[in-house]
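The exercises below go through a single protein chain, each with a task and a worked solution. Please keep the sequence and the model open while working through them.

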Amino acid sequence: MKVHAQSVNFNADGELFNFVQTRLDKLETFYSKVISSEVYMKLGNTKSKENKIVEIKLNVPKDKFIIKKQCKTFEEAVDSACNSLERKLIKKKEKIRAHA
């Protein structure tokens, strides 16, 4: 899957981008027709520790899923967002099977 990742207001290292790529590649096991994804990682302006914001846009045929999560670390936020996307993809796949 093609993953376009951007870091806003900070410089992300290669390890973070590799983590995002491998975590999003796992989504294809739930729904094989995923086209691409866009990942935006931002540092929030809040003083709290949960200031890492991750927004993932996942493109599938005839649909687009957008998930936004805020956590203490970017890895935690990406993992949480991917868990939500897994549920959405499973739901979409079941919906397609019901109509077939």
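**Exercise 1. Place Val34 in the fold and decide whether it is buried or exposed.**

Val34 has a relative accessibility of 7% and therefore counts as buried, where buried means under 20% relative accessible area, exposed means over 50%, and partly exposed lies in between, with a 1.4 Å probe and protein chains only. The model is a predicted one, in which local features need pLDDT of at least 70 and side-chain atom pairs count only at pLDDT 80 or more, while totals for chains, interfaces and linings use all residues. Residues are numbered from 1 along each chain as its sequence is written, and side-chain values use heavy atoms, with hydrogens and water left out.

The next step is the position of Val34, which is in the loop between H1 and E2; helices (H or I, at least four residues) and strands (E, at least two) are DSSP runs, numbered from the N terminus. If residues up to four places away in sequence are not counted, Val34 touches Met1, Glu28, Leu58, Asn59, Val60 and Leu89, contact meaning heavy atoms within 4.5 Å. By comparison, the C-alpha atoms of Val34 and Lys47 are separated by 36 Å, although these residues are 13 residues apart along the chain.

**Exercise 2. Describe the overall fold and its dimensions.**

Begin with the elements: the protein has two helices and four strands, and along the sequence they follow the pattern β-α-β-β-β-α. The radius of gyration is 14 Å, close to the 13 Å that the globule rule gives for 100 residues, so the protein is as compact as a globular protein of that length; the radius is taken over C-alpha atoms, and the rule is 2.2 Å times the number of residues to the power 0.38. Along the principal axes, the C-alpha atoms fill a box of roughly 50 × 25 × 20 Å.

Then consider the interior and the contacts. Buried residues make up 36% of the 100 residues, and of the contacts with a separation of 6 or more, 50% are between residues 24 or more positions apart.

**Exercise 3. Work out how strands E3 and E4 are joined, and what is notable in the turn between them.**

Strand E3 (residues 52-60) and strand E4 (residues 63-71) run antiparallel and are joined by nine bridges, two strands being paired if DSSP finds at least two bridges between them. One of the bridge partnerships is that of Val54 with Lys69 in E4.

Glu55 also lies in strand E3, and at 14% relative accessibility this residue counts as buried. Apart from its neighbours within four places in sequence, Glu55 is in contact with Glu38, Val39, Tyr40, Lys42, Ile66, Ile67 and Lys68.

The hairpin has two residues between the strands, and Lys62 there takes a positive phi near 65°. Most residues other than glycine have a negative phi. Lys62 is exposed, with a relative accessible area of 89%. A second residue to examine is Asn9, in the loop between E1 and H1, whose phi is near 70°, a positive value in a residue other than glycine; Asn9 counts as exposed at 63% relative accessibility.

**Exercise 4. Characterise helix H2 and the aromatic pair and cysteines connected with it.**

Helix H2 (residues 74-99) has 26 residues and reaches 37 Å from its first C-alpha to its last, close to the 38 Å expected, a span defined as 1.5 Å times one less than the number of residues. Its buried residues are Phe74, Ala77, Val78, Ala81, Cys82, Ser84, Leu85, Glu86, Leu89 and Lys92, and what covers them includes helix H1 (14-25), strand E2 (36-43), E3 and E4.

For the aromatic rings, the count comes to one pair. The rings of Phe10 and Phe74 have their centres 4.8 Å apart and their planes at 15°, so the pair is stacked; rings of Phe, Tyr and Trp (its six-membered ring) pair if their centres lie within 6.5 Å, and planes under 30 degrees apart count as stacked, over 60 as edge-to-face and the rest as tilted. This pair links distant parts of the chain, with Phe10 in the loop between strand E1 (2-8) and H1, and Phe74 in helix H2, 64 residues apart. Both Phe10 and Phe74 are buried.

For the cysteines, the count comes to zero disulfides, a disulfide being a pair of cysteine sulfur atoms within 2.5 Å. The sulfur of Cys71 is 12 Å from the closest cysteine sulfur, in Cys82, and is therefore too far for a bond. Cys71 counts as buried at 10% relative accessibility, and Cys82 is buried with a relative accessible area of 0%.
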